[in-house]
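Q: I have a model open and want to learn how to read it. Can we go through it feature by feature?

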Amino acid sequence: MTTMVSRSESLIDLDSRHVAHNYSPLPVVAASADGAWITDVESRRYLDCLAAYSAVNFGHRHPEIIAAAHAQLDAVTLVSRAFHSDRLAPFCAALADLCGKDMVLPMNSGAEAVESGIKVARKWGLDVRGIEDSNIVVAQNNFHGRTTTIISFSDDETARRGFGPYTPGFRSVPFGDADALARAVDDRTVAVLLEPIQGEAGIIVPPDDYLPRVRALCTARGILMIADEIQSGLARTGATFACDHWDVVPDIYLLGKALGGGVVPLSAVVADRDVLDVLHPGEHGSTFGGNPLAAAVGSTVVDILRRGDYQRRATDLGDHLHARLRSLIGRGVIAVRGKGLWAGVDIDPVHGTGKQVSLRLAQRGVLVKDTHGSTLRFAPPLVITADEIDWAIARFTDVLSETA
Ligand SMILES: Cc1ncc(COP(=O)(O)O)c(C=O)c1O
């Protein structure tokens, strides 16, 4: 007897044999996507409530971004930084202006932006402050990426175990505790590196006085405040930057994900001249960093952000999403956190792990992902409508009542 193998099954099988097993994806094989919707190889449609971990903030294949990418594909895509391109400087000028800063160091992945930010802070510490053997204070339960240096200051044993020796020079304090942070800063500290809202930890919003106190401490101690806005930034929370909610301006913004419009990897370290000017030719670089294709896409993203529509959508629809999720507290949901269209939802473990609930939701056409344990992350593309949010919540309610 022969069994019929679906196209999804055969592709997932091929994946298991040839793709490194560093992820545990849901069994959904995307073939196309548009706005907030993904279509799989069997033509099933799914409402995307993850948005590629916020890299697709403006929706899949945003027409303006795709048009800019197409036009640039027909012009020039890569020259390396050995030459100038007519795209890079305008992009960096526009992004610096959006951030209220002077300069941009363009890179590719988020982790590269974090690595670059760390290098800049250490070099600034040495050149400007004369600090050798410096340290950087970070927050517990942080997530800043996957490189050897970054996992050196992670508390996630799965991310760390087996990858040592680790990079020294980091000290970790509880997130949200400004007093602990103040105690950790010493004469060798050059920077504080934080996610303003912790994403992978479960969308943890700090107390309202936290970021203003971190800002004041950094200013008083003459050290750099580095905000990793790679997931929280670029309209996700209802503001251009999550720091804006507390009127805090860091010394360095680390940006990525949505900066590439869901089209190309594009990340950036953004700071004033007195900080980024510590880099000289040969001290840092990347062959693809700031390539013309990425710069054209990034310029379009900055134009879109300037208009403010997505920040407003994230605020209004975020209120709707949070109200709908909160209505499920006591009916399978224990707690809801977050800002804008970004919600961490703790599920009563009797309904299964976050992964199991994500699977059941995928079977009903809603794509979400667990952050860890029994916390789900809802972070749809900001083009989602109120009706689509209601549709997802109805399916979520079904899943919770079926497993009660
Ligand atoms: C806050 C934060 N920083 C850095 C990163 C790393 O970005 P990338 O996966 O592009 O290296 C992530 C990715 O999830 C993130 O959420």
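Q: Which residues of helix 9 are exposed?
A: This is a predicted model. Exposure here rests on a neighbour count: a residue is exposed if 12 or fewer other C-beta atoms lie within 10 Å of its own. In helix 9, Thr219 and Ala220 are exposed, on the other side from the buried residues.

Q: Which residues of helix 9 are buried?
A: The opposite label needs 20 or more such C-beta atoms. Tyr210, Leu211, Val214, Arg215 and Cys218 of helix 9 are buried. Look down the helix axis next. The buried residues fall within an arc of 135°, so they line one face of helix 9.

Q: What covers the buried residues of helix 9?
A: The cover includes helix 8 (178-184), strand 7 (189-194) and strand 8 (224-228).

Q: How does the span of helix 9 compare with the one expected at 1.5 Å a residue?
A: Helix 9 covers residues 210-221, which makes 12 residues. From first C-alpha to last it reaches 16 Å, close to the expected 16 Å. Then check what comes after the helix. Gly222 follows helix 9, and its phi is positive, near 65°.

Q: Which residues are buried in helix 13?
A: Apply the same reading. Helix 13 runs over residues 354-363, and Gly354, Val357, Ser358 and Leu361 are buried there. Down the axis of helix 13 these residues fall within an arc of 105°, so they line one face of the helix. Their cover includes strand 12, strand 13 (366-367), strand 14, strand 15 and helix 14 (386-402). After helix 13 comes Gly365, with a positive phi near 95°.

Q: Strands come up in that cover. In what order do the strands of the antiparallel open sheet stand?
A: Read a sheet by its strand order, then by its edges. Four strands form this open sheet in the order 11-12-15-14, with antiparallel pairing. Strand 11 (333-338) and strand 14 (369-372) are the edge strands, each pairing on one side only. From one strand to the next, the twist averages 30°.

Q: Which helix packs on the sheet?
A: Helix 12 (residues 309-326) does, touching strand 11, strand 12 and strand 15 (375-378). The direction of helix 12 makes about 165° with that of strand 11.

Q: How many bridges pair strand 11 and strand 12?
A: Five bridges, in the antiparallel sense, with strand 12 at residues 343-347. Bridges give the register. Val333 has Ile347 in strand 12 as its bridge partner. Val336 stands opposite Val345 in strand 12. In a regular strand the side chains alternate between the two faces of the sheet.

Q: How many residues lie between strand 11 and strand 12 in the hairpin?
A: Four residues lie between them. In that turn, Gly340 has a positive phi of about 60°.

Q: Which strands stand at the edges of the mixed sheet?
A: Start from the order again. Four strands form an open sheet in the order 1-2-3-13, and the pairing is mixed. Strand 1 (30-34) and strand 13 stand at the edges. Each has a single partner strand, so one side of each is left without a neighbour in the sheet. Inside the order, strand 2 (residues 37-40) and strand 3 (residues 45-48) run antiparallel, joined by three bridges. Ile38 has Tyr46 in strand 3 as its bridge partner.

Q: Now a single residue. Is Thr300 buried or exposed?
A: Locate it, count, then list contacts. Thr300 sits in helix 11 (residues 292-307). Thr300 counts as buried because it has 24 C-beta neighbours inside 10 Å. Neighbours within four places in sequence aside, Thr300 is in contact with Glu64, Ile65, Ala68 and Gly261. Sequence separation is another check. Asp316 is 16 residues from Thr300 along the chain, and their C-alpha atoms are separated by 23 Å.

Q: And the whole protein: what radius of gyration does it have?
A: The protein has 21 Å. A compact globule of 404 residues would have a radius of gyration near 22 Å, which agrees. Along the principal axes, the C-alpha atoms fill a box of roughly 70 × 50 × 45 Å. There are 14 helices and 15 strands in the protein. Of the 404 residues, 50% count as buried.

Q: What share of contacts joins residues at least 24 apart?
A: Among contacts between residues at least 6 apart in sequence, 73% do.

Technical notes: Residues are numbered from 1 along each chain as its sequence is written. This is a predicted model: local features need pLDDT of at least 70, side-chain atom pairs count only at pLDDT 80 or more; totals for chains, interfaces and linings use all residues. Two strands pair if DSSP finds at least two bridges between them. Helices (H or I, at least four residues) and strands (E, at least two) are DSSP runs, numbered from the N terminus. Axes are lines fitted to C-alpha atoms, for helices over the stretch in contact, and angles run from 0 to 180 degrees between N-to-C directions. Two residues are in contact if their C-beta atoms, placed from the backbone, lie within 7 Å. The arc is that of the directions from the helix axis to the C-beta atoms. The radius of gyration is taken over C-alpha atoms; the globule rule is 2.2 Å times the number of residues to the power 0.38. The expected span of a helix is 1.5 Å times one less than its number of residues.
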